[in-house]
Amino acid sequence: RLHNLRTLGALTPDKRLRLAQETLAVYVPLASRLGIWSLKARLEDECFRWLQPAAHAALATRLEEGAQRESICDSIEALGEELRRRGIDCVDICGRPKSLFSIHRKMTEKGLGLEDLPQVHDVRAVRVVVRGEASCYDVLDAVNSKWSTVEGKAKDYIRAPKGNGYQSLHSVVIDSSGQPLEVQIRTPEMHHKAEFGMAAHWRYKRSEERRVGKECRSRWS
């Protein structure tokens, strides 16, 4: 379906509209229920592009003008230095602007215009992946110590996972650029589940079991 949406330009306008509307009504909720967040966001953005082209273009232009990616890179570098100083070993630190559709939906729900974009606190996000659950809370302490936090925006989905199995720590801070930044912190298994859904959890566990099994056989052979 994602491939179909990316080639809608070859179809008639009425077919484009029907497929995009059907995707939002059926495929996006299905991806959400299964916890396949990366696919859900891509489906939503493609639908947004075809259903509201003017709003999509205006928001994309505004975000590009705001140099979002550059400021995210600065925050990643600063956070990486802080974690190294504390001796916290990270698997990965990466960042991204929030999906356009998600931003548009929040702005619509709150009655905000493009000039009110700074009021959407998770337009910019950084994700930190560490090796163990305890390290997640060490990173959270480092984040909240380095930058000022936005009250009421912290979420602990590790101790209280979402219904579809999603686990992560979320905190919104004001970084050195003076803008809100959402920081997500999780383990590799939590990240794998968030990217590929609930079924991926079992595949991940099976692959880990096979890896450990091979290590044991190698150790005793």
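## A salt bridge between Glu22 and Arg1

In this predicted model, the side chains of Glu22 and Arg1 meet in a salt bridge, with an N to O distance of 2.7 Å. Glu22 lies in helix α2 (residues 13–34) and Arg1 in the segment before α1 (2–6), so the pair ties together parts that are 21 residues apart in sequence. Glu22 is partly exposed, with a relative accessible area of 31%, and Arg1, at 25% relative accessibility, likewise counts as partly exposed.

## Other salt bridges

The structure holds 10 salt bridges, among them a pair formed by Glu46 and Arg49, whose closest N and O atoms are 3.5 Å apart. Both of these residues lie in helix α3, three residues apart, which is about one turn of the helix. An α-helix has 3.6 residues a turn, so residues three or four places apart point the same way. The two partners fall into separate accessibility classes: Glu46 counts as buried at 10% relative accessibility, because buried is taken to mean under 20% relative accessible area, whereas Arg49, at 39%, counts as partly exposed.

A further salt bridge joins Asp156 to Arg159, with the closest N and O atoms 4.0 Å apart. Asp156 counts as partly exposed at 28% relative accessibility, while Arg159 is exposed, with a relative accessible area of 64%. Elsewhere, salt bridges that share partners join Glu82, Arg85, Arg86 and Asp141 into one network.

## Helices α3 and α7

Helix α3 comprises 15 residues (residues 37–51), which at 1.5 Å a residue should span 21 Å, and its end C-alpha atoms are 21 Å apart, in agreement with that expectation. The buried residues of α3 include the charged side chains Lys40, Glu44, Asp45 and Glu46, and the list is completed by Ser38, Leu43, Cys47 and Phe48. Glu46 is thus both a buried residue of this helix and the partner of Arg49 in the salt bridge described above.

Helix α7 (residues 133–146) can be examined in the same manner: its 14 residues should span 20 Å at 1.5 Å a residue, and the distance of 21 Å between its end C-alpha atoms agrees with this. Buried in α7 are Cys136, Tyr137, Val139, Leu140, Ala142 and Val143.

## Charged patches on the surface

A negative surface patch is formed by Glu70, Asp74, Glu77 and Glu81. Of these residues, Glu70 has its place in helix α5 (residues 68–85), and Glu70 is exposed, with a relative accessible area of 55%, which lies above the 50% cut-off for that class.

Charge of the opposite sign gathers in another surface patch, where Lys110, Lys153, Lys155 and Lys162 together form a positive group. Lys110 is placed in helix α6 (residues 100–110).

## Helix α6 and the residue that follows

Besides carrying Lys110, a member of the positive patch, helix α6 has a set of buried residues, namely Leu100, Phe101, Ser102, Ile103, His104 and Met107. Just after α6, Gly111 takes a positive phi of about 65 degrees.

Technical notes
Residues numbered from 1 in each chain as written. Predicted model: local features only at pLDDT ≥ 70, side-chain atom pairs only at ≥ 80, totals over all residues. Heavy atoms only, no water. Helix = DSSP H or I, 4+ residues; strand = E, 2+ residues; numbered from the N terminus. Expected span 1.5 Å × (residues − 1). Buried < 20%, exposed > 50% of the residue type's maximum accessible area, 1.4 Å probe, protein only. Patch = residues over 30% accessible without salt bridge, like charges linked within 9 Å, V, L, I, M, F, W, Y side chains within 5 Å. Areas by Shrake-Rupley, 256 points an atom, 1.4 Å probe, with all protein chains shown as cover. Lys, Arg positive; Asp, Glu negative; His and termini not counted. Charge placed at Lys NZ, Arg CZ, Asp CG, Glu CD.
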